[in-house]
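Below is a walk through one protein chain, from a single side chain to the fold as a whole. Keep the sequence and the coordinates at hand while reading.

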Amino acid sequence: MATHRPFPRRAPRAAAQRALTEAEIGELQQRLDAVPAPFEPLDVSALDGYLCGVLLQPRRIAEAAWLAHVADADGRALPPGFDTGRLHTLVRRRHAELDAAIQARQWFDPWVFELDGEDATPSEAVVGWVAGFATAMEFFPALMGLDEATLREPLALLYRHLDPEDLEDADDLLEEIESLEPPADLAEAVEDLVKATLLLADVSRPLRG
């Protein structure tokens, strides 16, 4: 994982679930790094975007199904002797925290890290998170089958950070992306991650009453 420092946290936030501390986030990354080759685990930033993508599905995804892609993006079974107990405990806690925030339409702190270097752009800092979200869409595509017009704006806020060549056959989405001003700084890019997530929740997980 690239050298980074955590992006500053912001309040208010959902308080129903105990958030992972920075030390626990570091531990989670270490446990992901310990997954042996040839398996390809998500890093913590991609994991965070992935969990949001899982939670935005119109129907609840079974835990066993989404957990399978945490330690290997393709969902391959790990060696029988590899202990995922603590890894899965930490991931479940983040899943629960994000679930509570999305359900309450409250701010949450995306696991996005400010990159070292004066030339680093906001997109470079958040693209891992967005790639994790896209991974969830690849394996759990039900969200993408909802009303295209209502999805276009929030998806554009996310997918503008990806290479346009990765968005084949998405002319309307690319047109929407081209209409957006690039984020002025990392703070704006992070706020847009949360904004897009909650806008998508309004489509796939509408509030009742």
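Why does R86 count as partly exposed? The answer lies in its relative accessibility, which is 31%, and partly exposed covers the range between under 20%, which is buried, and over 50%, which is exposed. The model is a predicted one, and every value here is computed from it.

R86 forms a salt bridge with E27, with 2.9 Å between the closest N and O atoms. This pair links distant parts of the chain, as R86 belongs to helix α4 and E27 to helix α1, 59 residues apart. R86 also forms a salt bridge with E24, and here the closest N and O atoms are 4.0 Å apart. Again distant parts of the chain are linked: R86 is in helix α4 (residues 85–104) and E24 in helix α1 (residues 22–33), with 62 residues separating them. E24 has a relative accessibility of 13% and therefore counts as buried, because the limit for that class is under 20%.

Helix α4 supplies another charged partner. R92 forms a salt bridge with E63, and their closest N and O atoms are 3.0 Å apart. Since R92 lies in helix α4 and E63 in helix α3 (residues 63–67), the pair ties together parts that are 29 residues apart in sequence. R92, at 34% relative accessibility, counts as partly exposed, and E63, at 37%, counts as partly exposed too. Elsewhere, salt bridges with shared partners join E24, E27, R31, R86 and R93 into one network. In total, the structure holds 14 salt bridges. Side chains of opposite charge can pair when their charged atoms come close.

The charges can also be viewed over the whole chain. It has 19 positive and 39 negative charges, and the mean positions of the two sets are 12 Å apart.

The helices named above are part of a set of eight, accompanied by two strands. Read from the N terminus, the order of elements is β-α-α-α-α-β-α-α-α-α. The radius of gyration of the chain is 17 Å, close to the 17 Å given by the globule rule for 209 residues, so the chain is as compact as a globular protein of that length. Along the principal axes, the C-alpha trace spans about 50 × 45 × 35 Å.

How much of the chain is buried? Buried residues make up 45% of the 209 residues. Of the contacts with a separation of 6 or more, 75% come from residues 24 or more positions apart. The chain exposes about 10,600 Å², and carbon and sulfur atoms supply 50% of that area.

Methods: Residues are numbered from 1 along each chain as its sequence is written. This is a predicted model: local features need pLDDT of at least 70, side-chain atom pairs count only at pLDDT 80 or more; totals for chains, interfaces and linings use all residues. Side-chain values use heavy atoms; hydrogens and water are left out. A salt bridge is a side-chain nitrogen of Lys or Arg within 4 Å of a carboxyl oxygen of Asp or Glu. Helices (H or I, at least four residues) and strands (E, at least two) are DSSP runs, numbered from the N terminus. Buried means under 20% relative accessible area, exposed over 50%, partly exposed in between (1.4 Å probe, protein chains only). The radius of gyration is taken over C-alpha atoms; the globule rule is 2.2 Å times the number of residues to the power 0.38. Contact means heavy atoms within 4.5 Å. Accessible areas come from the Shrake-Rupley method with a 1.4 Å probe; for residues, only the protein chains shown count as cover. Lys and Arg count as positive and Asp and Glu as negative; His and the chain ends are not counted. The place of a charge is taken as NZ of Lys, CZ of Arg, CG of Asp or CD of Glu.
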